[in-house]
Amino acid sequence: MKRNAIKLTTAQFAKLHNVNKRTLHYYDAIGLFSPNTKGENGYRYYDLSQSLDFEYILMLRDLNMSIEEIEQYIKNPTPEKFINFANAKELEIDQQIKRLKSIKKTIQTKKRQIEVSNSLKEGNIEIEECEEERLLFLPYDFCDDDISHVFSYIKDIWSVEQIRMGIGGMISIEKVLANDFSKYDGIYTLALKNVPRKNIFYKPKGEYICCYHKGDWNSLSEAYQKILSFAQERKLKLTGYAYEIGLNEFAISKEEEYVTKIMVKAEKSI
């Protein structure tokens, strides 16, 4: 039997191409793609030879072309039309890949934070060797604001992708030593790769005292007292800023389960 003589029912053709029968009925009804032959029993059949044409239609659909765009193209295809369409779709695909990579990085970051939160012991404090980090920083005192005000302030300045990386607070060591938490210096987020260098604040490389505190924001002073005692016992000098970041706000239902990581750069006292 010749290949192009093989006839398939709508159900068989749909199964072959992994689509719903209703898709074929719809394409037939609008004249986009129809069965080639009619059998003696009156039923219409798809030729197996139609498979390649149908896969091209599916490819165009997967590239977000509308039914009207697909119909216009397949009625009068030309090399020039295809090249123009291909160039435009390549650009769209590149943008989608970039967006998906950003989403993947955010998910991976959040997953690591949750894993850290789940493995912590109460009041865990340690010294970590940290690499230089690229941050976006905004001077902002958010002590008396709720999160809706913070979001309103930053949504037009940072991208949504940046916001999804998490928002932390920064407060100078001078204020920490003075036990003055009435006014923070600003908020920050981990900068994505596409952020211009001129907008970057660099968190220095070095050893950091890292304290993981479980509880609401009002109890953070307890964690800072632990950091100060930890530094004093080891004759360490605290420098720069204290960096706070929530690790699990997107995975808890009670404020008392909130885990905050506090990082403070420490150096040996001379």
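Buried means under 20% relative accessible area, exposed means over 50%, and partly exposed lies in between. The legends below use these terms for a predicted model.

**Figure 1. Close-up of the salt bridge between K89 and E92 in helix α5.** With a relative accessibility of 32%, E92 counts as partly exposed. K89 has 11% relative accessibility and therefore counts as buried. The side chains of the two residues meet in a salt bridge, at 3.4 Å from N to O. Because K89 and E92 are three residues apart in helix α5, about one helical turn separates them. Side chains of opposite charge can pair when their charged atoms come close.

**Figure 2. Close-up of the salt bridge between D28 and R44.** The closest N and O atoms of this pair are 2.6 Å apart. D28 belongs to helix α2 (residues 21–29) and R44 to strand β3 (residues 44–47), so the pair ties together parts that are 16 residues apart in sequence. R44 is partly exposed, its relative accessible area being 40%. The structure holds nine salt bridges.

**Figure 3. Close-up of the salt bridge between D185 and K175.** In this pair, 3.4 Å separates the closest N and O atoms. K175 lies in helix α8 and D185 in the loop between α8 (173–177) and β7 (186–190), so the salt bridge ties together parts that are 10 residues apart in sequence. D185 has a relative accessible area of 23% and is partly exposed.

**Figure 4. Close-up of E244, a buried residue without a salt bridge.** E244 is located in strand β10 (residues 236–246). The nearest side chain of opposite charge is that of K175, 11 Å away. The side chain of E244 does make a polar contact with the side chain of Y184, at 2.5 Å. Apart from neighbours within four places in sequence, E244 has contacts that include G168, G169, Y188, W217 and K261.

**Figure 5. Close-up of E71 in helix α4.** Helix α4 spans residues 67–75. E71 is buried, with a relative accessible area of 18%. When residues up to four places away in sequence are not counted, E71 touches I30 and L32.

**Figure 6. Close-up of a nonpolar surface patch.** The patch is made by L52, Y56, M59 and F82 and covers about 380 Å². Helix α3 (residues 51–62) gives the most to this patch, with three residues. F82 is placed in helix α5 (residues 79–119). The relative accessible area of F82 is 36%, so this residue is partly exposed.

Definitions and conventions. Residues are numbered from 1 along each chain as its sequence is written. This is a predicted model: local features need pLDDT of at least 70, side-chain atom pairs count only at pLDDT 80 or more; totals for chains, interfaces and linings use all residues. Side-chain values use heavy atoms; hydrogens and water are left out. Patches are made of residues with over 30% relative accessible area and no salt bridge: like charges are joined within 9 Å, nonpolar side chains (Val, Leu, Ile, Met, Phe, Trp, Tyr) within 5 Å. Accessible areas come from the Shrake-Rupley method with a 1.4 Å probe; for residues, only the protein chains shown count as cover. A salt bridge is a side-chain nitrogen of Lys or Arg within 4 Å of a carboxyl oxygen of Asp or Glu. Helices (H or I, at least four residues) and strands (E, at least two) are DSSP runs, numbered from the N terminus. Buried means under 20% relative accessible area, exposed over 50%, partly exposed in between (1.4 Å probe, protein chains only). Lys and Arg count as positive and Asp and Glu as negative; His and the chain ends are not counted. A polar contact is a pair of N or O atoms within 3.5 Å; within protein, one must be able to donate a hydrogen and the other to accept it, and residues adjacent in sequence count only if both atoms are side-chain atoms. Contact means heavy atoms within 4.5 Å.
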